[in-house]
Amino acid sequence: MARVYNFSAGPAVLPEEVLREAAEEMLDYQGCGMSVMEMSHRSQTYDRIIKEAEADLRELMDIPANYKVLFLQGGASQQFAMIPMNLMKNRVADYIVTGQWAKKAYQEAALYGRANKIASSEDKTFSYIPDLTDLKISPDADYVYICENNTIYGTKFKTLPDTKGKPLVADVSSCFLSEPVDVSRYGLIYGGVQKNIGPAGVVIVIIREDLVTEDVLPGTPTMLRYKIHADNGSLYNTPPAYGIYICGKVFKWLKKQGGLAAMKAYNEKKAAILYDYLDESRLFRGTVRREDRSLMNVPFVTGDEALDAKFVKEAKEAGLENLKGHRSVGGMRASIYNAMPLEGVEKLVAFMKEFEARNMA
Ligand SMILES: *Cc1c(COP(=O)(O)O)cnc(C)c1O
């Protein structure tokens, strides 16, 4: 068996240790004679799995007691609708559009009310985070929305916008658990887990209790109400049970690594290896404004499409996979999530140096 270094943006690399453990437990979960995939979500065994997952996540992120943690389905994209359906009481919300995912969320919100684009970086292919100093927050906005880490473009909010007291809603799909966060600064944090936590099929929503109400837009389906899921401990219907079990294992793995402060230090070290090289390379360059660079997604180009394609192909042959950039940016993108070992980034940079030497006149 040979595992490759997988730089996919998502679904993405998971800790090998977690995958091995899951493999060991596949046929018989801790002596109960069945796989977690086969067990009732109402069983005591499963109840322990989901409760422990929530407790470990609360510990990792230091989630205050007045926040609910929900394990839902539908991916991050379903939240684009669920957020306005549940939170848009005045039918007004402000959106900062920093990439394709934020734009989709903004467009979805416009189906339900007045979505205001209060800042955008679309003029330069979303290669930077817009100036946040003097945002025109709407006085009647129900919330202010950001996509905190822009998976496709490789930008990250390094400071949070001043929302003038409005709840901040953040899509953290691609930076979830990559560093410590102050949960109390948000009204709602959510993310699909397939980028940095677990298998596709689970989305985690962390929401302040006062935002979980019966007062939702008319016609909101039962399954799309936060309150239903909060009141039922994410077990209103069958949850994505196996996915939650894997997320739980990743939470334990993160605790063993030293928690989110340790992950941040590790992620900074990994990203620096790649960015430092991009800054000195004569062949490759990063596409993002320096101060807005993501620790998780690193897009880069040579400036020559044919050479980019050659790079992606030869990297794959060298065991460095999924480096092709998103079609809207072109070039390459290395996603270096929590589970990407330092060695993977070192191997990538060594390969880039060798490629540069071979392809520069
Ligand atoms: C991948 C991604 C999404 C979409 O996730 P789905 O689970 O496929 O709906 C949304 N937001 C961000 C930031 C992402 O990276």
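## The ligand and its surroundings

In this predicted model, the ligand is surrounded by Gly75, Ala76, Ser77, Phe80, Trp101, Cys147, Asn149, Thr151, Asp171, Ser173, Gln194 and Lys195, where a residue is near a molecule if one of its heavy atoms lies within 4 Å of it. These shell residues divide into 4 nonpolar, 6 polar and 2 charged, with Ala, Val, Leu, Ile, Met, Phe, Trp, Tyr, Cys and Pro counted as nonpolar, Asp, Glu, Lys and Arg as charged, and the others, Gly among them, as polar. Helix α3, residues 75-87, gives the most to the shell, with 4 residues; helices (H or I, at least four residues) and strands (E, at least two) are DSSP runs numbered from the N terminus.

The table lists polar side-chain atoms (N or O) and the ligand atoms they approach, with pairs counted within 3.5 Å.

| Residue | Ligand atom | Distance |
|---|---|---|
| Ser77 | oxygen | 2.6 Å |
| Thr151 | oxygen | 2.4 Å |
| Asp171 | nitrogen | 2.6 Å |

Taken alone, the ligand exposes 390 Å², of which the protein buries 86%, as computed by the Shrake-Rupley method with a 1.4 Å probe.

Arg208 is found in strand β10, residues 203-208, and its side chain makes a polar contact of 2.7 Å with the side chain of Asp210; within protein, one atom of such a pair must be able to donate a hydrogen and the other to accept it. Leaving aside residues up to four places away in sequence, Arg208 touches Asn66, Tyr67, Pro167, Tyr186 and Gly187, contact meaning heavy atoms within 4.5 Å.

Residues are numbered from 1 along each chain as its sequence is written, and side-chain values use heavy atoms, leaving out hydrogens and water. Local features need pLDDT of at least 70 and side-chain atom pairs count only at pLDDT 80 or more, whereas totals for chains, interfaces and linings use all residues.
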